[in-house]
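Take a moment to turn the model around and look at it from several sides. Then let us walk through it together, one region at a time.

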Amino acid sequence: MARPSPFFHTAPTATADSLAILHLTRDNLLPIKLQTTADDGYAEGAVTNTRFGSFPHSTLIGLEWGSQVRASKVDTGTRGRKGKNAKKQEAAEDNGVAEQSNRKRKSDEQPEDTPASPTKKFKSSNGEKANGGKIDTARPPIEAGSGFIHILPPTPEAWTASLDHRTQVVYTPDYSYILQRLRARPGSAVIEAGAGSGSFTHAAARAVFNGYPGDSSKLSKRQSQGKVYSYEFHEPRVQTLRDEIRDHALEGIVELTHRDVCNEGFILQDNTPPSVDAIFLDLPAPWQALKHLSRSTPNSPLNPHSAVHLCTFSPCIEQVMATVSALRKAGWTEINMIEVQHKRIDVRRERVGLKEEGLRGVNASAASVDEAIGRLREVETKLSDFNASRAVTNSANREEITTNTSGQKHPSKQERLDRIKREAEERKLYKEGNLVHRTVPEVKTHTSYLVFAVLPRDWNEDDEKRCGEQYPVDDIMRGTPKDGKTESSASK
Ligand SMILES: C[S@@+](CC[C@H](N)C(=O)[O-])C[C@H]1O[C@@H](n2cnc3c(N)ncnc32)[C@H](O)[C@@H]1O
């Protein structure tokens with residue numbers, strides 16, 4: 001029985017030795033492997049350092065997915081006994097992290113308020129730092145109160161948002177649309193070239209997954225094992241993706257081949273061709289690979305029993321034109337081009353008015369003419385009282401409470417802000433204001449043109465004859481199926 005992939009079978013809680021995604025902010029996610037044993041010298045065991053503080057894995061293991069986790073104070077333990085330089089460097093890192101986390105997030109702030117820091121992300125994506133001495137008994141961690149994160153299960157979407165970018169990647173808005181148009185479903189066989197950073201690979205693997213190799217007894221006779229055939233010609237990328245496929249238990253679902261598909265085609269390592277229903281080409285010159293995607297070439301990688309759906313992903317219109325022209329010449333049909341213009345929509349309550357002065361995330365200008373006039377009157381009265389009384393001559397004391405000729409007490413600005421803050425605690429802020437929505441412009445999606453096409457299955461006179469015998473046209477027109485029953489009697 002194959003080891004289950006965390007992308008297809010997620011335990012209800014985060015377990016040791018499994019992949020988890022730490023959600024730092026909306027655009028900053030960090031993949032880590034949860035460990036029980038420490039190899040980095042922290043007294044608390046394995047620890048992941050983030051800009052929002054340190055997170056011993058013992059505080060993460062066993063949590064339900066989606067839980068909020070507070071940062072902990074960690075003791076560097078044996079890390080402190082390492083070489084002088086390493087010690088210095090680590091101290092600097094620790095100070096940096098602590099300083100950042102204090103500055104960036106008070107314990108009651110939302111992660112979404114803070115912009116992501118891409119430079120930091122992959123430094124800490126390894127999570128744990130250089131090895132120190134092994135620690136067998138981890139010290140219970142103490143809550144630091146400096147920040148928090150959320151722990152998420154691994155999914156292709158979270159992986160895309162957190163993976164180490166070796167290349168431009170295909171983002172979720174694009175690949176969800178592509179996989180749907182390619183009709184990728186459990187049991188499909190899909191070609192993907194080039195595999196690059198493996199973003200599309202994970203999404204495609206989930207789309208086609210219907211069991212592990214060796215479990216074929218669970219499939220019906222008509223079902224085949226879903227599979228992604230990935231190709232990449234850049235050797236270091238192949239090696240990194242191969243390691244990830246192994247770590248994520250996707251071997252058997254994803255078959256990665258180191259090959260230049262434009263020159264060498266889609267033959268697998270064992271010199272056999274795959275037999276696929278769908279093809280996704282994310283290459284600089286996809287039209288050069290089309291000559292290998294014909295039904296007539298020897299060792300054709302196309303499934304002879306079904307129509308084949310194709311998508312190419314190109315950043316410029318010249319590439320699209322070259323691809324479309326090659327597709328037409330090669331007999332592909334239903335050729336069309338799509339550009340996914342994904343927009344993230346921010347929906348929130350917008351509160352406007354003077355009673356919002358000093359509160360966060362509001363527009364504290366007057367909400368109506370009446371409110372503006374009221375405030376002007378207040379200022380006028382205060383000014384005339386001030387001039388009349390001449391009680392305070394020093395401009396620095398103007399904001400102080402004074403008893404004036406009108407007999408009124410004018411609160412200082414600080415008193416007004418304190419009052420507004422007190423009153424806000426009593427208000428149901430989530431219900432107030434106008435519900436507004438705006439598109440967020442900076443959604444991460446590599447805008448490209450998607451060209452789709454379909455290559456129908458080959459059809460000859462024998463196929464026509466066989467089909468005619470199986471579904472006689474005259475009988476169908478008379479409403480008499482092959483077994484002699486009329487449609488109405490058959491449906492009774
Ligand atoms: C934009 S990246 C693909 C990103 C990938 N789809 C993802 O979602 O992470 C393009 C990849 O195609 C690879 N490539 C370019 N020409 C190729 C060829 N002829 N055969 C195989 N791979 C190729 C490049 O090395 C690069 O890694």
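What follows is a short tour of the ligand's surroundings, some charged pairs and a part of the surface.

Before we start, keep in mind that this is a predicted model. With that said, let us begin at the ligand.

There are 22 residues around the ligand, and those that come nearest are Glu-232, Arg-237, Asp-260, Val-261 and Asp-282. What kinds of residues make up the shell around the ligand? The shell divides into 9 nonpolar, 8 polar and 5 charged residues. Now look for places where the backbone, rather than a side chain, approaches the ligand. At Phe-200, a backbone N or O atom lies 3.2 Å from an oxygen atom of the ligand. At Phe-233, a polar backbone atom is 3.3 Å from a nitrogen atom of the ligand. Arg-259 also takes part through its backbone, with an N or O atom 3.4 Å from a ligand nitrogen atom. How much of the ligand does the protein cover? On its own the ligand has 590 Å² of accessible area, and the protein covers 91% of that. Two elements give two or more residues to this shell: helix H5 (199-208) and helix H7 (261-264).

Next, let us follow the charges. The model has 18 salt bridges, and a few of them are worth finding on your screen. Start with Glu-255 and Lys-227, whose side chains meet in a salt bridge with an N to O distance of 3.0 Å. Glu-255 sits in strand E9 (residues 254-258) and Lys-227 in strand E8 (residues 227-232), so this pair ties together parts that are 28 residues apart in sequence. Are the two partners buried or partly exposed? Lys-227 counts as buried because its relative accessibility is 17%, under the 20% cut-off for that word. Glu-255 has 21% and therefore counts as partly exposed.

A second pair joins Arg-246 to Asp-247, where the closest N and O atoms are 3.7 Å apart. Here Arg-246 is partly exposed, with a relative accessible area of 40%, and Asp-247 is partly exposed too, at 47%.

A third pair is Glu-356 with Arg-427, whose closest N and O atoms are 2.7 Å apart. This pair links distant parts of the chain, 71 residues apart. Glu-356 is in the loop between strand E13 (344-350) and helix H9 (369-389), while Arg-427 is in the loop between helix H10 (413-426) and strand E14 (434-440). Glu-356 counts as buried, at 1% relative accessibility, and Arg-427 is buried as well, at 18%. Both belong to a network of salt bridges that links Arg-351, Lys-355, Glu-356, Arg-427 and Glu-432.

Our last stop is strand E12. Two of the residues to find here are Glu-334 and Met-337, which has its place in this strand (residues 333-339). Glu-334 counts as exposed because its relative accessibility is 59%, over the 50% cut-off. Although Glu-334 and Phe-452 are 118 residues apart in sequence, their C-alpha atoms are 7.5 Å apart in space. Met-337 is partly exposed, with a relative accessible area of 35%. Together with Ile-317 and Met-321, Met-337 makes a nonpolar surface patch of about 270 Å².

Technical notes. Residues are numbered from 1 along each chain as its sequence is written. This is a predicted model: local features need pLDDT of at least 70, side-chain atom pairs count only at pLDDT 80 or more; totals for chains, interfaces and linings use all residues. Side-chain values use heavy atoms; hydrogens and water are left out. Patches are made of residues with over 30% relative accessible area and no salt bridge: like charges are joined within 9 Å, nonpolar side chains (Val, Leu, Ile, Met, Phe, Trp, Tyr) within 5 Å. Accessible areas come from the Shrake-Rupley method with a 1.4 Å probe; for residues, only the protein chains shown count as cover. A salt bridge is a side-chain nitrogen of Lys or Arg within 4 Å of a carboxyl oxygen of Asp or Glu. Helices (H or I, at least four residues) and strands (E, at least two) are DSSP runs, numbered from the N terminus. Buried means under 20% relative accessible area, exposed over 50%, partly exposed in between (1.4 Å probe, protein chains only). A residue is near a molecule or strand if one of its heavy atoms lies within 4 Å of it. A polar contact is a pair of N or O atoms within 3.5 Å; within protein, one must be able to donate a hydrogen and the other to accept it, and residues adjacent in sequence count only if both atoms are side-chain atoms. Ala, Val, Leu, Ile, Met, Phe, Trp, Tyr, Cys and Pro count as nonpolar, Asp, Glu, Lys and Arg as charged, and the others, Gly among them, as polar.
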